[in-house]
Amino acid sequence: MSNEKGMTGTDLVRCSFCKRSSDEVTSIIAGPEVYICDICVQNSVDLLRQNANLFMAPELQDNLTPSRIKAVLDEYVIGQEYAKKVLSVAVYNHYKRIESAGTLSGFDDVEVEKANIMMLGSTGVGKTLLAKTLAKLLDVPFAMTDATTLTEAGYVGDDVDSILVTLLHNANYDIERAERGIIYIDEIDKITRRSDSPSITRDVAGEGVQQGLLKIIEGTIANVPPKGGRKHPEAPLVRVNTKNILFICGGAFDGLERIIAKRIRTGTMGFGVEVENRVEEKTELFKEVQQEDLLSYGLIPELIGRLPVIAPLEPLSDAALRQILIEPKNAIVRQYKKLFAMEGVDLEFSNEAIEAIIGLAKVRKTGARALRGVVEEAMLEIMYDLPDRQGLNRVVMTPEAILREGKPEYHYAEEVLMSGTE
């Protein structure tokens, strides 16, 4: 790292992270070709302490309760109150079941089955984030896969055991940790049969995959390659027991609301206003879902039975999108403010800029996922030349900057402005 020459002729060392010079901080620690100032050290310590307090292993969480699980989810996921309560109770019961196995006298004749979870909701409403946050809170390995990439054993593509390979890898090949992990299977609705009648032809990525998922979701001992890759007859295999792995499946299930609405109408005398108003609400209908509805949609009954807990998620309103932008700990606006603060610059978003972000995100129709893309595209050029703008102390994002029809408002220190006019 080259030193910067100061006005007095002395060498100024700059922090490799925030770029502050040695005369702007109390002290700078030197490493091999890098430097870190006391401010960045303190920020790092604070962040590590927050994470240590928030995320801990289940055995250390003496006060782990559904309400505490939900409180953590509230910090990262906006809205979805009903779904978060369903998930909190299900996850609490799942890990309580694991830790209490064989310790409750008088209940030897009772076997508590694993309650895997099905999440129903449109793209970008928070399904993946909920699953990831639960795994992080509980400090258990997490693996995610897309159901559409899975195929029946013997076909080109990933078979269902590949999910366990990923989980084992994320557990640093600690089998015991992997066997307490969480697996999230997205787009489970894309492998439905879409017909109540079984097909006589081979179904590489539909019913056949559902059949393949049955055993590992329910609980079985699977043989998987220890270091990834496909199985080979001569390769050593690792035995992984999936009995205590929590499986969470998610999907948009477009059209399921019509199946539920049809059932509700059929079971109601006439077509009254009350029923008509109720069936227009997709989320409310998802709360009414029954096994027969999922069967009609194309899931096989055996898989439905292994996913007994159903958590419907709500579509995101404009107000929810605004909250997602600015409130959670991982909100994209807060992340950019942190990045600008590292450069010694305050970043602000005007209300009109926030509305512009929401408007562009809604056009993309991918929920909260679109928010990050809109902001990152708008901030690219600004971030590119930010370190080169000497004396800059404040940036205000305008709707023109978000729409890339203009630039944000740049504000400089008074002494820089005065020197520029001389």
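**Exercises on a predicted model**

Valine 395 has tyrosine 410 of β14 opposite to it. The model is predicted, so local features need pLDDT of at least 70 and side-chain atom pairs count only at pLDDT 80 or more, while totals for chains, interfaces and linings use all residues. Residues are numbered from 1 along each chain as its sequence is written, and side-chain values use heavy atoms, with hydrogens and water left out.

**Exercise 1.** Determine in which sense β13 and β14 pair, and which strands stand at the edges of the sheet.

*Solution.* Step 1: strands are DSSP runs (E, at least two residues; helices are H or I, at least four), numbered from the N terminus. Two strands pair if DSSP finds at least two bridges between them.
Step 2: β13 (residues 392–397) is joined to β14 by four bridges, in the antiparallel sense.
Step 3: the open sheet has three strands in the order β12-β13-β14, with mixed pairing. β12 (346–349) and β14 (409–412) are the edge strands; each has a single partner strand, so one side of each lacks a neighbour in the sheet.

**Exercise 2.** Establish whether aspartate 293 is buried or exposed, and which residues aspartate 293 touches.

*Solution.* Step 1: aspartate 293 belongs to helix α11 (residues 291–297).
Step 2: buried means under 20% relative accessible area, exposed over 50%, and partly exposed in between (1.4 Å probe, protein chains only). Aspartate 293 is buried, because its relative accessible area is 2%.
Step 3: contact means heavy atoms within 4.5 Å. Not counting residues up to four places away in sequence, aspartate 293 touches Leu256, Ile259, Ile260, Arg263 and Glu288.
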